[in-house]
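Me: I would like a close look at a single part of this model, set in its surroundings. Please take one helix, describe its two faces and what packs against it, and then follow the packing outward.

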Amino acid sequence: MRFLAGLTLASACFALHPLRAEPMAPASAAHDSDTTELGERMDEMRASFRKLRRQVADASANASSLDLVARLRRASEQSAALAPAKAATLPESERSAFVADYAEKMKAFIAEVDKLKAALEAGKNDEAVALVAKLESLQKSGHREFRSAKKD
Ligand code: HEM
């Protein structure tokens, strides 16, 4: 009897063992989705956008801001040509409309990036500040709509 109980306990531990390894599984799954091509392009957007936000009001930094805008634009264009990972989780019937909607919103984002470039070239920094705020709000709505919920 005691032997049986020991055996039961041992097999219970054995059965539980994979659970202890489980935290590794979501971590590597998250890593996989973090390294989607779109995720990488978005990381580039974050790097240039973060600097841009800090310096956009400063007219003496306009040459450097224009360089950041060019980088943001390049990464946005590359992003527009990709599909969000969330598309794969949707029913097939909804997928192509979802991806087309995403591409359209990315194009609208790029149109605002072009306005930002023009404002900086014209030395209109107040306008540039407002456009950066607009880009930020497009980022928020884009993430709400097209990013997988678990990534928020
Ligand atoms: C200033 C603008 C933006 C910045 C700085 C930005 C930044 C980011 C960052 C840092 C991530 C996480 C990347 C990772 O997984 O490592 C991300 C993900 C994502 N962003 Fe953006 N984003 C911006 C605008 C947008 C817009 C306008 C849209 C859609 C219209 C969008 C759609 C997405 C999607 C779908 C993902 C998930 C990636 C995937 O599905 O693989 N983002 N973004």
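Reply: What follows is a reading of helix 3 and of the elements around it.

The model is a predicted one, and its confidence is a sensible place to begin. The mean pLDDT of the chain is 84, with 76% of the residues reaching 70 or more. Residues 9-33 are a stretch with pLDDT below 50, and beyond near neighbours in sequence this stretch has two contacts in the model. Where pLDDT is low, the predicted coordinates should not be read in detail.

The chain as a whole contains six helices and zero strands, so that the order of elements from the N terminus reads α-α-α-α-α-α. Of its 152 residues, 16% count as buried. Among the contacts between residues at least 6 apart in sequence, 67% join residues that are at least 24 apart.

Helix 3 itself covers residues 37-55, and its 19 residues reach 28 Å from the first C-alpha to the last, close to the 27 Å expected at 1.5 Å a residue. Its buried residues include M42, M45, S48, F49 and L52. Seen down the helix axis, the buried residues of helix 3 fall within an arc of 135°, and they therefore line one face of the helix. The face turned away from that buried side carries D43, R50 and R54, which are exposed. The cover over the buried residues of helix 3 includes helix 4, residues 62-80, and helix 6, residues 125-146.

Between helix 3 and helix 4 lies a loop, and D58 has its place there. D58 counts as exposed because it has 11 C-beta neighbours inside 10 Å. The C-alpha atoms of D58 and D126 are separated by 9.5 Å, although the two residues are 68 apart along the chain; D126 is itself one of the exposed residues of helix 6.

Helix 4, one of the two neighbours named above as covering helix 3, can be read in a similar way. Its 19 residues should span 27 Å at 1.5 Å a residue, and because its end C-alpha atoms are 26 Å apart, the span agrees with that expectation. Its buried residues are S65, L68, V69, L72, A75, S76 and S79. These cover an arc of only 135° around the axis, which puts them on the same side of helix 4. What covers them includes helix 3 and helix 5.

Helix 6 has 22 residues and reaches 31 Å between its first and last C-alpha atoms, close to the 32 Å expected at 1.5 Å a residue. A128, L131, V132 and L135 are its buried residues. They cover an arc of only 105° around the axis, which puts them on the same side of helix 6. On the other side of helix 6, the exposed residues are D126, A133, E136, S137, K140, S141 and R144. The cover of the buried residues of helix 6 includes helix 3 and helix 5.

Helix 5, which is thus part of the cover for both helix 4 and helix 6, can be examined through V113, a residue within its span of 92-121. V113 is buried, since 22 other C-beta atoms lie within 10 Å. Leaving aside neighbours within four places in sequence, V113 is in contact with V69, L72, R73, S76 and L135. Among these partners, V69, L72 and S76 are buried residues of helix 4, while L135 is a buried residue of helix 6. The C-alpha atoms of V113 and A70 are separated by 8.8 Å, with their positions 43 residues apart along the chain.

The ligand brings the account back to helix 3. Helix 3 gives the most to the shell around the ligand, with seven residues, and helix 3, helix 5 and helix 6 each supply at least two. Of the 23 residues around the ligand, those that come nearest are G39, M42, P84, A85 and G142. M42 also appears among the buried residues of helix 3. By character, the residues of the shell divide into 12 nonpolar, five polar and six charged.

Taken together, helix 3 has one face lined by its buried residues, cover that includes helix 4 and helix 6, and a contribution of seven residues to the shell around the ligand.

Methods:
Residues numbered from 1 in each chain as written. Predicted model: local features only at pLDDT ≥ 70, side-chain atom pairs only at ≥ 80, totals over all residues. Helix = DSSP H or I, 4+ residues; strand = E, 2+ residues; numbered from the N terminus. Expected span 1.5 Å × (residues − 1). Buried ≥ 20, exposed ≤ 12 C-beta atoms within 10 Å, placed from the backbone. Arc of directions from axis to C-beta. Contact = placed C-beta atoms within 7 Å. Near = placed C-beta within 6 Å. Nonpolar A, V, L, I, M, F, W, Y, C, P; charged D, E, K, R; others polar. pLDDT = per-residue confidence, 0-100.
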